[in-house]
Amino acid sequence: MKKPLRFCKRPLELAIFDVDGVLVDLAANFESNFIAAAQAVGLPTTPAIDYLHAARVGARAHYASLRDAGVGIWGLMGLGIERLERAFRAIERANPYPQIEGSREAIEWFAARELPMALCTTNDLETLLHRLDAIQIDS
């Protein structure tokens, strides 16, 4: 009988992984992808650069979603948001985020021990599947 995995002296029943920042190195090229998407749809980049800098240094909070950023930075609505999202997703696919070193191996380690796993993300399904595919994790 195999010995159960333990964490903090308790049986480990589930491993939960965040996607952005734990499996996928979003910081590697998020900013350049974001600016490129703004340029692709004809938005001024200075407000985005200012926002990214302020968020990076802790002078303001990050927006929770690309949609929120489009509204907050440029006042976009409706089709403007959709255009920005489409451009951003296309740029992400052309310039995917790298894997966090050791993340795939950690998943494989837990899988070999048959521990249930879950993902924590605010990404839509299409984006999630693309990011997992980019780092070669079967979905």
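**Close-up views of a predicted model**

**View 1. Serine 103 in helix H5.** The side chain of serine 103 comes to 2.8 Å from the backbone oxygen of isoleucine 100, in a model that is predicted. Serine 103 belongs to helix H5, which spans residues 103-112, and because its relative accessibility is 6%, serine 103 is classed as buried. When residues up to four places away in sequence are set aside, serine 103 touches Val22 and Leu23.

**View 2. Arginine 6 in strand S1.** Arginine 6 is placed in strand S1, which covers residues 6-7. With a relative accessibility of 48%, arginine 6 counts as partly exposed, because that class takes in values between the 20% limit for buried and the 50% limit for exposed. Its side chain reaches the backbone oxygen of lysine 9, with a separation of 2.4 Å. Neighbours within four places in sequence being left aside, arginine 6 is in contact with Pro11 and Leu12. Valine 57 stands 51 residues from arginine 6 in sequence, and the C-alpha atoms of these two residues are 37 Å apart in space.

**View 3. Helix H1 and what covers its buried residues.** Helix H1 runs over residues 30-40, and within this helix Asn33, Phe34, Ile35, Ala37 and Ala38 are buried. The cover over these buried residues of H1 includes three helices, namely H2 (46-56), H3 (66-74) and H4 (78-94). Just after H1 comes glycine 42, which takes a positive phi of about 80°.

**View 4. The buried face of helix H2.** In H2 the buried residues are Ala48, Tyr51, Leu52, Ala54 and Ala55. Looking down the axis of H2, one finds these buried residues within an arc of 165°, so they line one face of the helix. As a general point on such patterns, an α-helix has 3.6 residues a turn, so residues three or four places apart point the same way. The buried residues of H2 pack against H1 and H3. Glycine 58 follows H2, and the phi of this glycine is positive, near 85°.

**View 5. The crossing of helices H1 and H4.** The axes of H1 and H4 come within 8 Å of each other and cross at roughly 135°. The two helices are therefore described as oblique to each other, and the crossing of H1 and H4 is right-handed. On the H1 side the contact is made by Phe30, Asn33, Phe34, Ala36, Ala37, Ala38 and Ala40, while on the H4 side it is made by Leu84, Ala87, Phe88, Ile91 and Glu92.

**View 6. Isoleucine 91 of helix H4.** Isoleucine 91 is found in helix H4, and because its relative accessibility is 18%, against a limit of under 20% for the class, isoleucine 91 counts as buried. Residues up to four places away in sequence not being counted, isoleucine 91 touches Asn33, Ala36, Ala37 and Ala40, and each of these four residues is also listed among the H1 residues that make the contact with H4. Of these four, Asn33 and Ala37 are among the buried residues of H1. Alanine 55, which is one of the buried residues of H2, lies 36 residues from isoleucine 91 along the chain, and the C-alpha atoms of isoleucine 91 and alanine 55 are separated by 22 Å.

Note on methods:
Residues are numbered from 1 along each chain as its sequence is written. This is a predicted model: local features need pLDDT of at least 70, side-chain atom pairs count only at pLDDT 80 or more; totals for chains, interfaces and linings use all residues. Side-chain values use heavy atoms; hydrogens and water are left out. Buried means under 20% relative accessible area, exposed over 50%, partly exposed in between (1.4 Å probe, protein chains only). Contact means heavy atoms within 4.5 Å. A polar contact is a pair of N or O atoms within 3.5 Å; within protein, one must be able to donate a hydrogen and the other to accept it, and residues adjacent in sequence count only if both atoms are side-chain atoms. The arc is that of the directions from the helix axis to the C-beta atoms. Axes are lines fitted to C-alpha atoms, for helices over the stretch in contact, and angles run from 0 to 180 degrees between N-to-C directions. Angles under 35 degrees count as roughly parallel, over 145 as roughly antiparallel, 65 to 115 as roughly perpendicular and the rest as oblique. A crossing is left-handed if the near helix is turned anticlockwise from the far one by less than a right angle, and right-handed if clockwise.
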